[in-house]
Amino acid sequence: MSVQLDEIRKQAAQAAEEVCTAGKLEAGDLFVVGCSSSEVLGDKIGTHTNVDVAEALFDGIYGVLQEKGVLLAAQCCEHLNRALVVERKAMKQYGLEQVNAIPQPNHAGGAFGTVAYQHFKDPVLVESLQQKALAGMDIGATLIGMHIHPVVVPLRISLSKIGNAVLICARNRPKYVGGQRAIYDENLL
């Protein structure tokens, strides 16, 4: 494997830490991750699913989020309509709708969704986050913006890739109102 798992784990943790800081996330906030293990390996999305890579990514990201009390939503692949794996408590807390599927790495769901489903204490699959995530990471062009509360703002962090996959991070910000005469709270920008 041309990409080292320890390096992937470190990059994932560093990225999650930087996004949490930039997004000013607090305990109980939702953090969405979309991930292509194929892209991390340098292959086309959906062509070489790799559970070991997904495990390394999950370990890095989930460790950071657990320390902060931030809730992870792991996006599944397009074959499950980008449904998300969350803990049952997150589903209830955010009033999300459960759907019936179990992600599988090589069939429907993808490696990252499968790993999350295996590691969560009480995993469920939900159809949508109803745009309630406050920040997230898109590892390998998996399209997570639909899950983040508007207004979605791209984040530039110190990493632009994890392994060989392009990394795009985002957070939300409150909508601007009031036009040119308004004064805005710099802490919310």
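**Exercise 1. The lining of the largest pocket**

Find which element gives the largest share of the lining of the largest pocket in this predicted model.

*Solution.* Start with the pocket itself, which has a volume of about 430 Å³. Of the 25 residues that line it, Ile45, Gly46, Cys77, Glu78 and Gly110 are the closest to its centre. Next, look for elements that give two or more residues to this lining: they are β1 (30-35), α2 (37-40) and α5 (110-119). The largest share comes from α5, with four residues.

Now sort the lining by class: how many residues are nonpolar, polar and charged? You should arrive at eight nonpolar, 15 polar and two charged residues.

**Exercise 2. A residue in a strand**

Decide whether Ile162 is buried or exposed, and place it in the fold.

*Solution.* Begin with the location: Ile162 sits in strand β8, which covers residues 161-162. Then take its relative accessibility, 0%. Buried means under 20%, so Ile162 counts as buried. To finish, compare sequence and space: Glu39 is 123 residues away from Ile162 along the chain, yet the C-alpha atoms of the two are separated by 9.1 Å.

**Exercise 3. A patch on the surface**

Work out which residues make the nonpolar surface patch of about 260 Å², and classify Leu189.

*Solution.* The patch is made by Tyr176, Tyr184 and Leu189. Pick out Leu189, and you will find it in the segment after β9 (165-172). Its relative accessibility is 33%. That value lies between the 20% and 50% cut-offs, so Leu189 counts as partly exposed.

Conventions:
Residues are numbered from 1 along each chain as its sequence is written. This is a predicted model: local features need pLDDT of at least 70, side-chain atom pairs count only at pLDDT 80 or more; totals for chains, interfaces and linings use all residues. Side-chain values use heavy atoms; hydrogens and water are left out. Patches are made of residues with over 30% relative accessible area and no salt bridge: like charges are joined within 9 Å, nonpolar side chains (Val, Leu, Ile, Met, Phe, Trp, Tyr) within 5 Å. Accessible areas come from the Shrake-Rupley method with a 1.4 Å probe; for residues, only the protein chains shown count as cover. A salt bridge is a side-chain nitrogen of Lys or Arg within 4 Å of a carboxyl oxygen of Asp or Glu. Buried means under 20% relative accessible area, exposed over 50%, partly exposed in between (1.4 Å probe, protein chains only). On a 1 Å grid over the protein atoms alone, a cavity is a set of points where a 1.4 Å probe fits but cannot get out, and a pocket is an open set with protein on both sides within 12 Å along at least five of seven lines; lining residues have an atom within 4 Å of a point. Grid points are joined across faces, edges and corners, and a volume is the space filled by probe spheres set on the points. Ala, Val, Leu, Ile, Met, Phe, Trp, Tyr, Cys and Pro count as nonpolar, Asp, Glu, Lys and Arg as charged, and the others, Gly among them, as polar.
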